[in-house]
Amino acid sequence: MGNDLLKISETQIAGAVVETSDARELHEKLNVARDFNLWIAEQIKRARLVADRDYLTYENVVQMPSGAKRRKECALTLDAAKHVAMMSGSERGFEIREFFIDREKTLAAIERAKSRIALPDFTDPVAAARAWADAKESEQKAVALANEQAGQLEAQKPAVEFVERYVKEVGGQAVLGRQNILPTPWLTERHG
């Protein structure tokens, strides 16, 4: 099931712009044989949907072979469309419900990501200064950590060079046979 299962639009309902799905398209995707007008009226009643909160009805003029015809349309909020799909009890209804749930999860993940990377209000000098100070502090901590790790590597360099020379001179297998000569607890534990 692709992300293009149902077209999502933005519609103004009760003064707010909300994402909606076309009820006629949902009717078609659910493979409902009944007349759309009868079906949508039944779904609105059955799901206890509230006009101008869960859906918006309007008329649309469509061109038919017999001429232009006005027909009733309905924009369902995504919650209402998901509810209607679930109530259908069909496999296709389940797929459409899953489409809406997956979409909600994706949008929630995007919102979480946005909140993590929110920029400070640079019109506020205090917020801008705090943001700069936080960034500088993070940079200084990263540099200090890198310097500390470099120092640890430098301190271990003579030991590493010694082991490399020893292995080169006596061979890798000889190291296993000579574990009692050198104080190598890690070697004795694993192979002793």
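**A surface patch and a one-sided helix**

F162, V163 and V167 together form a nonpolar surface patch of about 230 Å². The model in which this patch appears is a predicted one. V163 belongs to helix α5, which covers residues 125-170. Because its relative accessibility is 45%, V163 is classed as partly exposed, a class that lies between the limits of 20% and 50% relative accessible area.

R24 lies in another part of the model, in helix α1 (residues 23-29). With a relative accessible area of 18%, R24 is buried, since the term applies under 20%. When neighbours within four places in sequence are set aside, the residues in contact with R24 are F36, N37, R71, K72 and E73.

One of these contacts, F36, leads to helix α2, which comprises residues 36-46. The buried residues in α2 are F36, W39, I40, Q43 and I44. Viewed down the axis of α2, these buried residues fall within an arc of 130 degrees and therefore line one face of the helix. Their packing partners are α1, β3 (55-64), β4 (67-77) and α3 (78-87). The face of α2 turned away from this buried side bears L38 and K45, which are exposed.

The ends of α2 may be considered next. At the N-terminal end, D35 acts as a cap, with a side-chain oxygen 3.1 Å from the backbone nitrogen of N37. N37 is also among the residues in contact with R24. After α2 comes R48, which has a positive phi, near 55 degrees.

Methods: Residues numbered from 1 in each chain as written. Predicted model: local features only at pLDDT ≥ 70, side-chain atom pairs only at ≥ 80, totals over all residues. Heavy atoms only, no water. Patch = residues over 30% accessible without salt bridge, like charges linked within 9 Å, V, L, I, M, F, W, Y side chains within 5 Å. Areas by Shrake-Rupley, 256 points an atom, 1.4 Å probe, with all protein chains shown as cover. Salt bridge = Lys/Arg side-chain N within 4 Å of Asp/Glu carboxyl O. Helix = DSSP H or I, 4+ residues; strand = E, 2+ residues; numbered from the N terminus. Buried < 20%, exposed > 50% of the residue type's maximum accessible area, 1.4 Å probe, protein only. Contact = heavy atoms within 4.5 Å. Arc of directions from axis to C-beta. Polar contact = N/O pair within 3.5 Å; in protein donor to acceptor, adjacent residues only side chain to side chain.
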